Amino acid sequence: MAVTVISGGTDGMGRALALARAARGDRVFAIGSNRAKGERLGGAVEFVHADLSTLAGNRAAIAAITAATPVVDALALFANRQAPRRTVTADGLETTFALYYLSRHLLSHGLTPLLSASARPVIVNVAGVGTTKGAIAWDDPQLTRGYGMVRAQLQAGRANDLLGVAYAAEHGERVPYVLYHPGFTRSGDASMLPPPLRLALRVAARLAARTVEASVAPVHDFIDDPPKAPLTAVDRGRPLPLTLRTLDPADAARLAELTAEIRA
Ligand SMILES: NC(=O)c1ccc[n+]([C@@H]2O[C@H](COP(=O)([O-])OP(=O)(O)OC[C@H]3O[C@@H](n4cnc5c(N)ncnc54)[C@H](OP(=O)(O)O)[C@@H]3O)[C@@H](O)[C@H]2O)c1
């Protein structure tokens, strides 16, 4: 029986993974901020209530999981939310940066001791690897100037690419890291978007998006048979070369340094 931790395990792709892993007999911890969604997961999944956009929320989730199990076999990272307007968290960080990137950094590193205790551990970071749009705003990572929802999403996506590179360089021999881009999928909370955009997305999803089950299928494979390589990057079914400019080791080291400053 594997122990699987899923951030954003209460909705969309993370929820589908949580329910499917529990049905296969895994012990599953699903982290989310919405209690009602957590309760709807049912008794086979252990709901961890936490706001992953805050440092305290991530620390509390890590502490709760560490108190509940000495080993984690798989960590799958899905939590994200669109923010049409710039907001800041209790820590004074731009929300998309905090939730979509920093939480994944904290959970990956914070659960490394438990993952290291597994015979075949893996971390799967579900974001947008392979996309070369967007960049880290090195002089203004909290996007105080020129904020845009898409810009914030792309910046955090590129930060997750670099998180994978930096993590794999440090721990990947013991805990392999997978960057996985699911492609356009029939999931995603659009309730905060303006109604015309929501409608357009719904129509586009019906025409072009993959089912949640199809998008999650490779994540099962990564958990069942973790790659041997310290870092693997896959866009839908396509393995990506680690020479992509978005996976630059110098940028990864620079972001790791910036992140350490933010954490301090
Ligand atoms: N859908 C697509 O077309 C697509 C395409 C490419 C990449 N992706 C990426 O795939 C990942 C999963 O997407 P999805 O479509 O499955 O998303 P989703 O259906 O919107 O689910 C997002 C999850 O994140 C959780 N979450 C949001 N804010 C949180 C917070 N403050 N604290 C804790 N949990 C929080 C939500 O739970 P609560 O509501 O309980 O907080 C939910 O479980 C995302 O990283 C997304 O960027 C998606």
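**Helix packing and ligand contacts in a predicted model**

Me: Which residues of helix 9 does helix 4 meet?
Reply: In helix 4, the residues concerned are Phe-97, Tyr-101, Leu-102, His-105 and Leu-106. Contact here means heavy atoms within 4.5 Å, and helices are DSSP runs (H or I, at least four residues) numbered from the N terminus. The partners in helix 9 are Leu-255, Thr-259, Ile-262 and Arg-263.

Me: On what basis are such statements made?
Reply: Residues are numbered from 1 along each chain as its sequence is written, and side-chain values use heavy atoms, with hydrogens and water left out. The model is predicted: local features need pLDDT of at least 70, and totals for chains, interfaces and linings use all residues, while side-chain atom pairs count only at pLDDT 80 or more.

Me: Why is helix 4 called roughly perpendicular to helix 9?
Reply: Helix 9 covers residues 249-263, and its axis lies 12 Å from that of helix 4. Axes are lines fitted to C-alpha atoms, for helices over the stretch in contact, and angles run from 0 to 180 degrees between N-to-C directions. Angles of 65 to 115 degrees count as roughly perpendicular, and those under 35 as roughly parallel. Helix 4 is roughly perpendicular to helix 9 because the two pack at an angle of about 95°.

Me: Is helix 4 roughly parallel or roughly perpendicular to helix 6?
Reply: Helix 4 (residues 95-110) and helix 6 (residues 149-171) have axes 8 Å apart. Their packing angle is about 15°. Helix 4 is therefore, with respect to helix 6, roughly parallel.

Me: How many charged residues does the contact of helix 6 with helix 9 have?
Reply: These two helices pack at about 95°, with axes 8 Å apart. Helix 6 contributes Ala-159, Leu-162, Val-165 and Ala-166, and helix 9 contributes Pro-249, Asp-251, Ala-252, Leu-255 and Ala-256. Ala, Val, Leu, Ile, Met, Phe, Trp, Tyr, Cys and Pro count as nonpolar, Asp, Glu, Lys and Arg as charged, and the others, Gly among them, as polar. By class there are 8 nonpolar residues, no polar residues and, as for charged residues, 1.

Me: How far is a polar side-chain atom of Arg-104 from an oxygen atom of the ligand?
Reply: Arg-104 is also one of the helix 4 residues that meet helix 6. A polar contact is a pair of N or O atoms within 3.5 Å. For the polar side-chain atom of Arg-104 and the ligand oxygen atom, the distance is 2.9 Å.

Definitions and conventions: Parallel < 35°, antiparallel > 145°, perpendicular 65-115°, else oblique. Polar contact = N/O pair within 3.5 Å; in protein donor to acceptor, adjacent residues only side chain to side chain.
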